[in-house]
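Thank you all for coming; today I would like to walk you through one structure slowly, beginning with its charged pairs and then turning to its interior.

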Amino acid sequence: MIKLVQNELLKILYSRKLPLIIGLLVVFIGLFAYGEQYTYNVSVQRIEAITGDGTFSWEALAEQEIKDMRRYMNSPYRSEEGKAAYAVEIQQLTYFLERGINPITPGAAKFSTTFADQGLYLLFPLLIIILGADMVSGEFSGRTIKVLMTRAVPRWRILMAKILSLWLMTTLVVAVTALLSLIISGLFFGRWGFDEPVMTGLSFMGGGVDTGAVVQLSRLSYVVLTYALVWFVCLVIGAVTFMVSVLVKSTPAAIGIIMATLIGGQFLQFFLDEWVLVKYFFVTNLNLTQYLTGDYRAVDGLSMGFSVAVLALWGFFSLFVAFLVFNRRDILA
Amino acid sequence: MERRLLILILSVTALGLSLVFGVGFFQALQIGSNTSKREQMVREAGSAVATDERSGTVIVTLGDSIGAGVGDEAGLGIDERYLSLLDQAERSALSSENFAVSGAETSDMRTTLQSGAVDLALKDAAFILISIGGNNLNRINETSAALEMAAYDEALKAHRENLAASLTYIRERNPLAHILVLGLYNPYGNRRDDQALRLLHRWNYETRETVTAFEGTNMVPLYDIYEGHLDRLLSIDRFHPSGEGYQVIAEGIDGILGR
């Protein structure tokens, strides 16, 4: 088995997919990071223009905000949860004040998690598709399938080796994405921000903030958590891609089908409230990091546990179908 | 050979990373599930609170003659008519305490409140009904337009101050019970000039500003309901509401409080 896996890994390395993926990442991350830096500079300029004297005193603004929030917290008519929300914000602002950092200053760690949130449902799946779409269909179009099948190796082992190699490569790609997003944005912004406090477990409901399940983490931990979710989602996408690659003998067709599914699935989001079945589609559950940021529209029955379960089931089901079909397939045709 | 080594390094790195990601994934899953569970809980609690709103048992009425029910042929008044709109079960759970006094101005209501006479009722209030301001306005009767404007401005200012103080007092004793403030209607119909109407609207508007600064409050906009129907909604004295007029107010309150 190990030899088989090695073989498959070699195939991927030889196919120059990694340079392509890394190239795409560098381009996108570079663009995003530049965009953020540019927007930040424009905002600072605009504020300086308004305050007139050319010096942008964010400290005064932040201190005023803290004062206002303390006053709200002392009002006897605020709900407990409202007060807790203010307490959280005060804590965060204080952190930035103490270190003399403007809270809107972009930092590498924050960028990399935002990048993950944004890319999770389209960009990252695209990268995984590049990796895995031709794993089986490529053997057919490259006419290497007969060579592969005439070895004295059971079919399931071959498939297993492919799946394992896809797993390993997916893991590496996710890690590389995390690293690249950190490094490139770090170079752009000159700031890492790893020890910034991040409050997660918040949820924004009905205009208010629920802080009941709040956990405070360092931004570094938050990066790890975010990319762990990205990793899980990419594995599931990989499994589905793999299944399609087994079912369809042509790689372009495989890619087309999966991309259409991903993009078309995004439109199905609009029907989440009325059409119950949409919930069970894997595409509508890709956005796992929204449960960490708390920034999500509450849909009845949709929760992190539910989304994870749906994705996991889709993953296993895809692999099961892949094995079934591949084992039965008539290669000689 | 080097290819083999590269593969080995990559594989080992990938396995190690999988471990890290795996642990991270479960931690993230835990945090995310707590968030969704909390959100679910809060949503359910929210709907429970909404239905349980009126956990008090006393309908407290404050203010002037309209609060007292002057003009009602059946002698019922707003609170009694409101109770009659409820079903048997809800009605038996509520009672009514009326502190309204004919001729009272906002300052009088404030004095009544601050004397502590209403404290006990406020504590057990299901909701609080306030009808005030009409007498303040009525008392303005100057000879010249300029004097009238000055008197109006002063009266409005005093009214807002006293109203805010009253609402604060009520809130200190009962932070949750709903407070309903009746807007002023125009009892003079077409007989009033535009300027007077404008002043009436401004009075209502500024009262609304004061009222909505407090949480859990509502205005009951009577001007629109009464406009054009004065013949049947006003009593014989052409000033206070008739029985039907009070019924319409009670129904308005029922609509606002919901069921």
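**Charged pairs and nonpolar cores**

Let us begin with A:Lys11, which forms a salt bridge with A:Glu139, the closest N and O atoms being 2.6 Å apart; a salt bridge here is a side-chain nitrogen of Lys or Arg within 4 Å of a carboxyl oxygen of Asp or Glu. Because A:Lys11 lies in helix H1 of chain A and A:Glu139 in helix H7 (residues 137–141) of chain A, the pair ties together parts that are 128 residues apart in sequence; helices are DSSP runs (H or I, at least four residues), numbered from the N terminus.

I should say that this is a predicted model, in which local features need pLDDT of at least 70 and side-chain atom pairs count only at pLDDT 80 or more, while totals for chains, interfaces and linings use all residues. Residues are numbered from 1 along each chain as its sequence is written, chains are lettered from A and ligands numbered from 1 in the order in which they are written, and side-chain values use heavy atoms, leaving out hydrogens and water.

Is A:Glu139 buried or exposed? With 7% relative accessibility, A:Glu139 counts as buried, whereas A:Lys11, at 34%, is partly exposed (buried means under 20% relative accessible area, exposed over 50%, partly exposed in between, with a 1.4 Å probe and protein chains only).

A second pair in chain A joins the side chains of A:Lys162 and A:Glu8, at 3.2 Å from N to O. A:Lys162 is buried at 2%, and so is A:Glu8 at 5%.

Turning to the interior, the largest nonpolar core has 91 residues, a core being a set of buried Ala, Val, Leu, Ile, Met, Phe, Trp, Tyr and Cys residues joined through side-chain atoms within 4.5 Å. Its largest share, 18 residues, comes from helix H10 (residues 219–247) of chain A.

Note on methods. Helix = DSSP H or I, 4+ residues; strand = E, 2+ residues; numbered from the N terminus.
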